[in-house]
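These are my notebook entries on pockets, cavities, helix packing and backbone angles, written while going through the structure shown here.

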Amino acid sequence: MTRLSEGPRQGSPFNRTAQHDAKRAAILSQAARLFNSKGSRATTLRDIAESLGLTKTSLYYYVKTKEELIFQCYLATLDHHLQSMAEIERCCESPLERARQFFLLQFENWLAAQENRGPHYAALLEIASLQGAQRDEVESRYIDMFKHLRSYLRDGITAGEIRPCETSAATRAILGSVDWVFFWLHSLPRNSVPQVAAQAWDIIAHGLRSGDDIYQPAPLAISTSSEPYIQGFDRDEQNRQKQQAFYKTGTWFFNKKGFTGTSLDEIAEQLNVSKGAFYYHLRNKEDLLFNCYTYSLDINEEIHAQAVQLQGNGLHKIDQVCRKIFHAQNSDRGPLIRYSTITALPIPRRKQILARTEASNRRFGDFIREGISDGSIRDIDPFIAQQLITGAINASMDIKLWRRVDDLDAVAIDYFDLFFNGLAPRKGQA
């Protein structure tokens, strides 16, 4: 029998702290759901309040601004990941099993939210839009999560459970691949998600490569268009290159600061032009963002088109495409746009970009099917593989923040090695 001196239990409906925490958790979950589906720019505090049956005034009791709410959602996501890792480490001795459990948990989190068995967690798409101490705190926790996962890989190599690999690149590729699941899992039947998660892990663990030996990449055979020589009176070409300068600089700012955090004044200052010069070429910031996506897709489609003409098997073509896009992402031609800003586009333009993106992604699937047919790739699900690789490519920007870069192509090979050879030791490995 409970004595009065023990006080109320934490879950009591009369415990005000428990009630407050439950309401706050519901707000963060609903906000995360709307941010993931509509984007933070298109989601208002009124949207969140009305979806919970609250007034906007009531919502202000828990959070004052949308920026504060985004910050709190990101903290909730990262705290959940770190708590899950702590639990995984208590329960699992095997480093490879720890990595597997963390990877599979991302699929389960998504499914539990869709089935109302758990909260929604915000995809960490717009960390760059946070300011000051909020950004520092979120980035610190993200780095903590990164280091935990990387330690599983390093410990696994020491234990002989994981083959030798560049662990910082592999960790970044894994996180990039699972960050993308919210984008594509909704297109599959919910009852297939556990099986899809297991198939996705099989690709991470064993790679695309068929046979027992290690895939050794060939030298890059894909070139990309160089900037044309401009004749003195070629005004059209001059204007085209000025527009591309806006696209590349705009992409850099959007990737770094998100849509809301990017200002046209900063872009004009970076290019040492007037704001009026911007409006001569583009209508507004939204128009710039749309053209940044178009510019990146033009580069991707050019690379895919060249890969179709290559001699060699399907695995070779995928390798060539991945590395060349990686080069574009991390070279003077880039960066390429990160899809963290896609929800800032209005629905018609977003659908247009996503249709082109899906067509480009299907090229990966075509190369995978070609590889399965010619025997260079194991019998895997092409759709799952193309989504994992796409997520990793989207996260490959600023690889210099995560590891030293002396030779960009060597880093690209390290980054995609995970997808070709997997984490588990291969029988034919020297």
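**Entry 1: the largest pocket**

I started with the lining of the largest pocket and asked which element contributes most to it; the largest share, six residues, comes from H5. The model is a predicted one, and I kept that in mind for every entry below. For the space in this largest pocket I noted about 820 Å³. I then looked up its lining, which holds 35 residues, and found that Asn-36, Trp-110, Val-181, Phe-182 and Phe-183 are the ones nearest its centre. At least two lining residues each are supplied by H1, H4, H5, helix H7 (167–179), helix H8 (181–184), H15 and H16. Sorting the lining of the largest pocket by class, I recorded 19 nonpolar, 12 polar and four charged residues.

**Entry 2: the second largest pocket**

I went on to the second largest pocket, for which the volume is about 660 Å³. Its lining consists of 31 residues, and those closest to the centre are Ile-127, Glu-139, Arg-172, Arg-338 and Trp-402. Which element gives the largest share of this lining? I found that H6 does, with six residues, while H6, H7, helix H10 (235–261) and H16 are the elements that I listed as each supplying at least two. By class, the lining of the second largest pocket splits into 14 nonpolar, seven polar and 10 charged residues.

**Entry 3: the cavities**

Turning from pockets to cavities, I asked how many cavities of 30 Å³ or more the structure holds. The count is three, and the largest of them has a volume of about 230 Å³. Of the 17 residues lining this largest cavity, I wrote down Asn-300, Tyr-339, Asn-361, Thr-390 and Ile-393 as the closest to its centre. The elements that each give two or more residues to this lining are H13, helix H14 (314–329), H15 and helix H16 (382–394), and the largest share, five residues, comes from H13. In the class breakdown for the largest cavity I noted eight nonpolar and nine polar residues, with no charged ones.

The second largest cavity holds about 70 Å³ of space. I looked up its lining in full and found Phe-35, Asn-36, Gly-39, Ser-40, Ile-70, Tyr-74, Ala-122, Ala-123, Leu-125 and Glu-126. Two or more of these lining residues come from each of helix H1 (16–38) and helix H4 (66–91), and by class the lining has six nonpolar, three polar and one charged residue. I marked Asn-36 in my notes, since this residue lines the second largest cavity and is also listed among the residues nearest the centre of the largest pocket.

**Entry 4: helix packing**

Next I looked up two helix pairs, beginning with H13 (residues 285–308) and H15 (residues 347–374), whose axes lie 10 Å apart and which pack at an angle of about 20°. Because angles under 35 degrees count as roughly parallel, H13 is roughly parallel to H15. The crossing of these two helices is left-handed, and their contact comprises nine nonpolar, six polar and seven charged residues. I added a cross-reference here, as H13 and H15 are also among the elements that give two or more residues to the lining of the largest cavity.

For the second pair, H16 and helix H17 (residues 408–421), I recorded axes that come within 11 Å and cross at roughly 165°. An angle over 145 degrees counts as roughly antiparallel, and H16 is therefore roughly antiparallel to H17. I noted the crossing of H16 and H17 as right-handed.

**Entry 5: two asparagines with positive phi**

I closed with the backbone, where phi of Asn-116 is near 60°, a positive value in a residue other than glycine. Asn-116 sits in the loop between helix H5 (95–114) and helix H6 (132–159). Is Asn-116 buried or exposed? At 72% relative accessibility I entered Asn-116 as exposed, because exposed means over 50%.

Asn-272 likewise has a phi near 60°, positive although the residue is not glycine. I located Asn-272 in the loop between helix H11 (264–271) and helix H12 (275–281), and its relative accessibility of 71% makes Asn-272 count as exposed.

Definitions and conventions. Residues numbered from 1 in each chain as written. Predicted model: local features only at pLDDT ≥ 70, side-chain atom pairs only at ≥ 80, totals over all residues. Heavy atoms only, no water. Axes fitted to C-alpha atoms, helices over the stretch in contact; angles between N-to-C directions. Helix = DSSP H or I, 4+ residues; strand = E, 2+ residues; numbered from the N terminus. Parallel < 35°, antiparallel > 145°, perpendicular 65-115°, else oblique. Left-handed = near helix turned anticlockwise from the far one by under 90°. Nonpolar A, V, L, I, M, F, W, Y, C, P; charged D, E, K, R; others polar. Buried < 20%, exposed > 50% of the residue type's maximum accessible area, 1.4 Å probe, protein only. 1 Å grid on protein atoms, 1.4 Å probe; cavity = no way out; pocket = protein on both sides within 12 Å on 5 of 7 lines; lining within 4 Å. Points joined across faces, edges and corners; volume = space filled by probe spheres on them.
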